[in-house]
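I opened this notebook to keep track of what I looked up in one structure. The entries follow the order in which I went through it.

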Amino acid sequence: MIAIIDYDAGNIKSVEKALVYLGADAVITRDRDIILSADGTILPGVGSFGDAMQKLNDYDLVSTINDFVKTGKPFLGICLGLQLLFNSSEESPGVTGLGLIDGEIKKIPNNDDAGNVYKVPHIGWNSLNVKNSRLLAGVPEESYVYFVHSYYLKAAHDEDVIARTNYNVSIDAAVERKNVMATQFHPEKSSEVGLKILQNFIDMTREGK
């Protein structure tokens, strides 16, 4: 069973729908016992960093997430769920994130040095520069995936980064550190490539690693 953490963030139902389509047993929950007993857990989300952390604290989910990660079972963050894994974000100064991986969440700049203008939020399909990893196993180089975001990750350690893209700046689009994985893009909205990524995660939960 895969637990999808419910903290009143958007995009939860589409993640559940994609997992069920792939044959996984998925439940949307904020119940600590259900989450800790799950074979894998997903932290999705669309919204602001500060509001999301407030909800996670209100529902006492921070300790639940930390305790789940300690089990070594697969944990996946999606979009805002990736950003929440880090210590802080320029979007919400003074708000402390989960701190599970090291790096900075920064605002995508509207302009480059040549004066070109970029629309923010960044919405649409971008290609990935993919590195070998468990989460992205079998995903072709230069695969296209779907993004919706105004803030991006600059990871502290290159070895944590498993995919990058470019939108005015170099964006660390996916990370993997031991059992903690995350994507800035939405695999549940990224067609066959996204389904492959979710299938990889499902397979990990079934293998117990």
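**Entry 1: a loop residue.** I began with Asn 168, which counts as partly exposed because its relative accessibility is 22%, and the cut-off for buried is under 20%. The model is predicted. I found Asn 168 in the loop between β10 and β11. Its phi is near 75 degrees, a positive value in a residue other than glycine. I noted the background: most residues other than glycine have a negative phi, and most peptide bonds are trans.

**Entry 2: other backbone exceptions.** I looked up Asp 60 next and read a phi near 55 degrees, positive although the residue is not glycine. Asp 60 is placed in the loop between α3 (49–58) and α4 (61–70). I then checked the peptide bond from Val 120 to Pro 121, which is cis, with omega near 10 degrees. Pro 121 belongs to the loop between β5 and β6 (122–127).

**Entry 3: the whole protein.** I stepped back to the overall figures. The protein has 6 helices and 12 strands. Its C-alpha trace spans about 50 × 40 × 30 Å along the principal axes. Does the radius of gyration agree or disagree with that of a compact globule? I found that it agrees, because the protein has 16 Å and a compact globule of 209 residues would have a value near 17 Å. Buried residues make up 53% of the 209 residues. Of the contacts with a separation of 6 or more, 68% are between residues 24 or more positions apart. The exposed area is about 9,000 Å², and carbon and sulfur atoms supply 47% of it.

**Entry 4: salt bridges.** Side chains of opposite charge can pair when their charged atoms come close. I looked up the count of salt bridges, and it comes to 12.

I took Lys 13 and Glu 16 to begin with. Their side chains meet in a salt bridge, at 2.8 Å from N to O. Both residues lie in helix α1 (residues 12–21), 3 residues apart, which is about one turn of the helix. Are the two partners buried or exposed? Lys 13 is exposed, with a relative accessible area of 57%, whereas Glu 16 counts as buried at 18% relative accessibility.

I turned to Lys 106, which forms a salt bridge with Glu 90; the closest N and O atoms are 3.5 Å apart. Lys 106 is in strand β5 (residues 103–107) and Glu 90 is in the loop between α5 (80–83) and β5, so the pair ties together parts that are 16 residues apart in sequence. I noted Lys 106 as partly exposed, at 23% relative accessibility. Glu 90 is partly exposed too, with a relative accessible area of 43%.

I then looked at Arg 177 and Asp 160, whose side chains meet in a salt bridge at 2.8 Å, N to O. This pair links distant parts of the chain, 17 residues apart: Arg 177 lies in strand β11 (residues 169–177) and Asp 160 in the loop between β9 (151–155) and β10 (161–167). Arg 177 is partly exposed, with a relative accessible area of 26%, while Asp 160 counts as buried at 5%.

I also found a network: Asp 6, Asp 8, Arg 30 and Lys 55 are joined into one by salt bridges that share partners. Arg 30 came up a second time, since its charged end sits over the ring of Tyr 59, 3.9 Å from the ring centre.

**Entry 5: aromatic pairs.** A pair of aromatic rings is described by the distance of the centres and the angle of the planes. The structure holds 4 aromatic pairs, and I wrote down two of them.

Phe 68 and Phe 75 form a tilted pair, 6.3 Å centre to centre with 50 degrees between the planes. Phe 68 counts as buried at 0% relative accessibility, and Phe 75 counts as buried at 0% as well.

The pair of Phe 147 and Phe 185 is edge-to-face, because the planes are at 70 degrees, with the ring centres 5.7 Å apart. Phe 147 lies in strand β8 (residues 144–149) and Phe 185 in the loop between β12 (180–183) and α6 (191–207), so the pair ties together parts that are 38 residues apart in sequence. I noted 0% relative accessibility for Phe 147, which counts as buried. Phe 185 also counts as buried, at 0%.

Notes:
Residues are numbered from 1 along each chain as its sequence is written. This is a predicted model: local features need pLDDT of at least 70, side-chain atom pairs count only at pLDDT 80 or more; totals for chains, interfaces and linings use all residues. Side-chain values use heavy atoms; hydrogens and water are left out. A salt bridge is a side-chain nitrogen of Lys or Arg within 4 Å of a carboxyl oxygen of Asp or Glu. Helices (H or I, at least four residues) and strands (E, at least two) are DSSP runs, numbered from the N terminus. Buried means under 20% relative accessible area, exposed over 50%, partly exposed in between (1.4 Å probe, protein chains only). Rings of Phe, Tyr and Trp (its six-membered ring) pair if their centres lie within 6.5 Å; planes under 30 degrees apart count as stacked, over 60 as edge-to-face and the rest as tilted. A charge sits over a ring if NZ of Lys or CZ of Arg is within 6 Å of the ring centre and within 35 degrees of the ring normal. The radius of gyration is taken over C-alpha atoms; the globule rule is 2.2 Å times the number of residues to the power 0.38. Contact means heavy atoms within 4.5 Å. Accessible areas come from the Shrake-Rupley method with a 1.4 Å probe; for residues, only the protein chains shown count as cover.
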